[in-house]
Amino acid sequence: MNRIKEYRKQQGVSQAELAKRVGVARQTINLIENTTYNPSLELCINIAKELQTDLNTLFWNVEGEE
């Protein structure tokens, strides 16, 4: 689980817009949000930068995850 969708929606950014900003297809963002695709570290960093947060907050410090 990750918080990409939560942060993206808080900022009013669509999947397509985020994808364009980080250089991937919209479907890739969808797959990452639904945890069916494991992105590269570089892509994770780029997403975190675009969403103005850090990797820990976005990917690892997810409440309710065991």
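A salt bridge here is a side-chain nitrogen of Lys or Arg within 4 Å of a carboxyl oxygen of Asp or Glu. Keep that cut-off in mind as you move through this predicted model, where a search of the whole structure turns up four such contacts. Let's visit some of them.

**Stop 1: Glu50 and Arg21.** Select these two side chains and look at the closest N and O atoms, which lie 3.8 Å apart; the pair counts as a salt bridge because the limit is 4 Å. The contact links distant parts of the chain, with Glu50 in helix α4 (residues 41–50) and Arg21 in helix α2, 29 residues apart. Colour by accessibility if you like: Glu50 is partly exposed at 27%, and Arg21 is partly exposed at 40%.

**Stop 2: Glu17.** Keep Arg21 selected and add Glu17, whose salt bridge with Arg21 has its closest N and O atoms 3.1 Å apart. Both residues sit in helix α2 (residues 15–22), and because they are four residues apart, about one helical turn separates them. Glu17 is partly exposed too, with a relative accessible area of 32%. Now show Glu17, Arg21 and Glu50 together: salt bridges with shared partners join them into one network.

**Stop 3: Glu33 and Arg8.** Next, select this pair, whose side chains meet in a salt bridge at 2.6 Å, N to O. Glu33 belongs to helix α3 (residues 26–33) and Arg8 to helix α1 (residues 4–10), so this contact also links distant parts of the chain, 25 residues apart. Are these partners buried or exposed? Glu33 is buried, at 12% relative accessibility, and Arg8 is buried as well, at 6%.

Key. Residues numbered from 1 in each chain as written. Predicted model: local features only at pLDDT ≥ 70, side-chain atom pairs only at ≥ 80, totals over all residues. Heavy atoms only, no water. Helix = DSSP H or I, 4+ residues; strand = E, 2+ residues; numbered from the N terminus. Buried < 20%, exposed > 50% of the residue type's maximum accessible area, 1.4 Å probe, protein only.
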